[in-house]
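Thanks for coming. I have one model to go through today, and I will keep to a few places in it. Please have a look at the sequence and the structure first.

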Amino acid sequence: MSTQAAAPPAEASRTSWLSGSAGRTIGLVVALVLLAVVGVITGGERFASIDNTMTILRLASVTGVLAIGMTFVITAGGIDLSVGSLVGLSSVWASTLATQTMAENTHWSIMVLTALVVGTVAGLINGVIIAYGKVVAFIATLAMMIAARGLAEMISGRQTQVVKVGGFLDFFRADVIGVPVLVWVFVVVAVAGWFLFNRTTFGRRTVAVGGNVEASRLAGIKVQRHLLYLYGLSGLTSGIAGVMMLGRTTAGSSTNGLYYELEVIAAVVVGGTLLIGGRGTIVGTVIGVLIFATLTNVFTINNLSISAQNVAKGAIIVAAVLIQQRFARRSTST
């Protein structure tokens, strides 16, 4: 007979609350707060100002939108290395002379629609190759990453395409109650992603597919079709990010989104989504993106070299994960 006393109800409840997603989220918030404290200590008023806060949020907005789509893909056990290249391709296609001329003759939303269609179609192509062609996601999206970047270079002739449509620029340069439109776009996408992930059958099926493909199939989930939708969703968020990139830089370029996929994947994983699939969190992803954006901002304010930035980012990523695990494992250590 065991001599170990059962934990009091209040303690058990507290332990349960600190475990799982709640514990991981607390760990992320602690890491973000500590990073902000470092920013205030080293950067003073330059870091703590409202303008700098908006700069951080604006910096996080594009990668944040990409990370929402990536969260769905990774939760399902997949990966999408093409998101950065699709940002470049969609921004280039939406800013061609033909597209801008059409936008000036009709409405600037034509540019937005073009980018969304380009991103979504490319994502669906990924989905078809992976789900029905049975090609490993890493290889399929790596091929799309290379091909999309090459196509963007061909369309633009490796030249920067300046956006001259006034309505488009006015909209994406505007502030709403003091917050840039780009940040509001990120907020809307994050809220929509949270709802889709946590409050719909689509989200539950995504977790199920990532946890066990065969069991999901036996439960009646059309796994292939669901994977197609997931990569289409990732392509859609890439198109949205492409539009945001156009609004932020006022130019379409084949180099837009270069290497973004690496930071996006890292932010999603640091946020608490399992790289092997079966568990994901939109809230954690958002905080993970903010951690990376804040890191970059702190480095810039303190004039640190790129090499120092990379070393520090790697160390803080590990620290963030350890903090998450400390909270998440508390139930097993008591």
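Which residues does leucine 196 touch, not counting residues up to four places away in sequence? The answer is Phe72, Phe202, Gly203 and Leu233. Before I go further, note that this is a predicted model.

Leucine 196 sits in helix H10, residues 181–198. With a relative accessible area of 27%, leucine 196 falls in the partly exposed class, because buried would need a value under 20%. Take phenylalanine 72 from that contact list: leucine 196 and phenylalanine 72 are 124 residues apart in sequence, while their C-alpha atoms are 9.7 Å apart in space.

That leads to the whole chain. Among contacts between residues at least 6 apart in sequence, 79% join residues at least 24 apart. The protein chain has 16 helices and four strands. It has 334 residues, of which 48% count as buried. Its accessible surface comes to about 15,800 Å², and carbon and sulfur atoms account for 67% of that.

Next, a helix pair. Two packed helices are described by the angle between their axes and the distance between the axes. For helix H11, residues 201–211, and helix H13, residues 223–249, the axes come within 11 Å and cross at roughly 110 degrees. H11 is therefore roughly perpendicular to H13, since angles of 65 to 115 degrees are put in that class.

Which residues meet in this pair? On the H11 side they are Phe202, Arg205, Thr206 and Val209. On the H13 side they are Val223, His226, Leu227, Tyr229, Leu230 and Leu233. By type, the residues of this contact divide into seven nonpolar, two polar and one charged. Phe202 and Leu233 came up earlier, as residues that leucine 196 touches.

Last, helix H6, residues 97–105. Its buried residues are Thr99, Gln100 and Ala103. Why do they count as being on the same side of H6? Because they cover an arc of only 95 degrees around the axis. As background, an α-helix has 3.6 residues a turn, so residues three or four places apart point the same way. On the other side of H6, the exposed residues are Leu97, Ala98, Glu104 and Asn105.

And what covers the buried residues of H6? The cover includes helix H5, 83–94, helix H7, 109–132, and strand S1, 161–162.

That is what I have; questions are welcome.

Key
Residues are numbered from 1 along each chain as its sequence is written. This is a predicted model: local features need pLDDT of at least 70, side-chain atom pairs count only at pLDDT 80 or more; totals for chains, interfaces and linings use all residues. Side-chain values use heavy atoms; hydrogens and water are left out. Axes are lines fitted to C-alpha atoms, for helices over the stretch in contact, and angles run from 0 to 180 degrees between N-to-C directions. Helices (H or I, at least four residues) and strands (E, at least two) are DSSP runs, numbered from the N terminus. Angles under 35 degrees count as roughly parallel, over 145 as roughly antiparallel, 65 to 115 as roughly perpendicular and the rest as oblique. Contact means heavy atoms within 4.5 Å. Ala, Val, Leu, Ile, Met, Phe, Trp, Tyr, Cys and Pro count as nonpolar, Asp, Glu, Lys and Arg as charged, and the others, Gly among them, as polar. Buried means under 20% relative accessible area, exposed over 50%, partly exposed in between (1.4 Å probe, protein chains only). The arc is that of the directions from the helix axis to the C-beta atoms. Accessible areas come from the Shrake-Rupley method with a 1.4 Å probe; for residues, only the protein chains shown count as cover.
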